[in-house]
Amino acid sequence: MTRITKHLVNLQIRIRDAAHTAGRNESDVSILAVSKRQSVDAIHKAQAAGLNAMGENYLREALEKMPLCPPETEWHFIGRLQSNKTRAVAEHFDWVQTLDSAKMVRRLNAQRTADRAPLNACIQIRVDDHGAHGGVRPEEAAELCRLIEASPRLKLRGLMAIPEPAETQAGQRPAFRRLRELYDQLRSEGFELDTLSMGMTGDLEAAILEGSTMVRIGTALFGPRPE
Ligand SMILES: *Cc1c(COP(=O)(O)O)cnc(C)c1O
């Protein structure tokens, strides 16, 4: 058993326990392995343990690693999106989780080539005031959903957030709850969302209790990130 396999077993227990506490099924919560600053070897080990979806924040690093990984790897861009990055994201990734402007939607739609499946898209929501991680305000989400739905080279999948870290579960839950309420509201308005990307190593239980369908996990899988 590799170290990553052991970590994955423990992670699956955490996910299962939180899902059961919430009266949910653990199979409704998928794991995105956050491989930023991890080696290609670590990615191969994660894949051998059964994980195929990898999240990367840094474009240049991701583009270097991609050719060395199996072609079936599902790549998620979870870093800050800027105009000068959209072409490479459109050409090389399967998902973008950090959409937060109409301009980025238009650029990605224009740059995603016809030979690839539409780019799966999550809108990043600013669920608290600090805003250091980007994201749109909740009241701007519906308009962006409409624009993505009208973009044939993108496929609207859901919402994502990176809340300000909090120490306790009670402190972590309100931001996740706000994101889930927005998700429910958008679905009730007819938007076809199936992904609520929230929860990381330090707060995955709180996120699952509030309805997360995808946790993004780096440290709990790979160990501390190399500097
Ligand atoms: C780094 C990162 C993660 C994973 O963080 P861990 O605490 O190591 O699990 C998840 N989501 C985003 C957007 C990140 O940048």
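**Helix 5 and helix 6.** I looked up how helix 5 and helix 6 are oriented in this predicted model. Helix 5 covers residues 102-111 and helix 6 covers residues 141-149; I noted a packing angle of about 10°, with the axes 10 Å apart. Angles under 35 degrees count as roughly parallel, and I therefore recorded the two helices as roughly parallel to each other.

I then listed the residues that form this contact. Helix 5 contributes A102, V105 and R106, while helix 6 contributes L144, L147 and I148. By class, I entered 5 nonpolar residues, no polar ones and 1 charged.

**R37.** I next examined the backbone at R37, where phi is positive, at about 65°, although the residue is not a glycine. I set this against the general pattern, in which most residues other than glycine have a negative phi. I located R37 in the loop that runs between strand 1 (30-34) and helix 2 (40-48). Is R37 buried, exposed or partly exposed? I found a relative accessible area of 31% for R37, which is partly exposed because the value falls between the limits of 20% and 50%.

**Ligand surroundings.** I turned to the 13 residues around the ligand and noted that K36, N57, T201, T219 and R225 come nearest. Two of my entries concern side chains. A polar side-chain atom of T219 is 2.6 Å from a ligand oxygen atom, and for N57 I recorded a polar side-chain atom 2.7 Å from an oxygen atom of the ligand. At G218 I noted a backbone contact instead: a polar backbone atom lies 2.9 Å from an oxygen atom of the ligand.

How values were computed
Residues numbered from 1 in each chain as written. Predicted model: local features only at pLDDT ≥ 70, side-chain atom pairs only at ≥ 80, totals over all residues. Heavy atoms only, no water. Axes fitted to C-alpha atoms, helices over the stretch in contact; angles between N-to-C directions. Helix = DSSP H or I, 4+ residues; strand = E, 2+ residues; numbered from the N terminus. Parallel < 35°, antiparallel > 145°, perpendicular 65-115°, else oblique. Contact = heavy atoms within 4.5 Å. Nonpolar A, V, L, I, M, F, W, Y, C, P; charged D, E, K, R; others polar. Buried < 20%, exposed > 50% of the residue type's maximum accessible area, 1.4 Å probe, protein only. Near = heavy atom within 4 Å. Polar contact = N/O pair within 3.5 Å; in protein donor to acceptor, adjacent residues only side chain to side chain.
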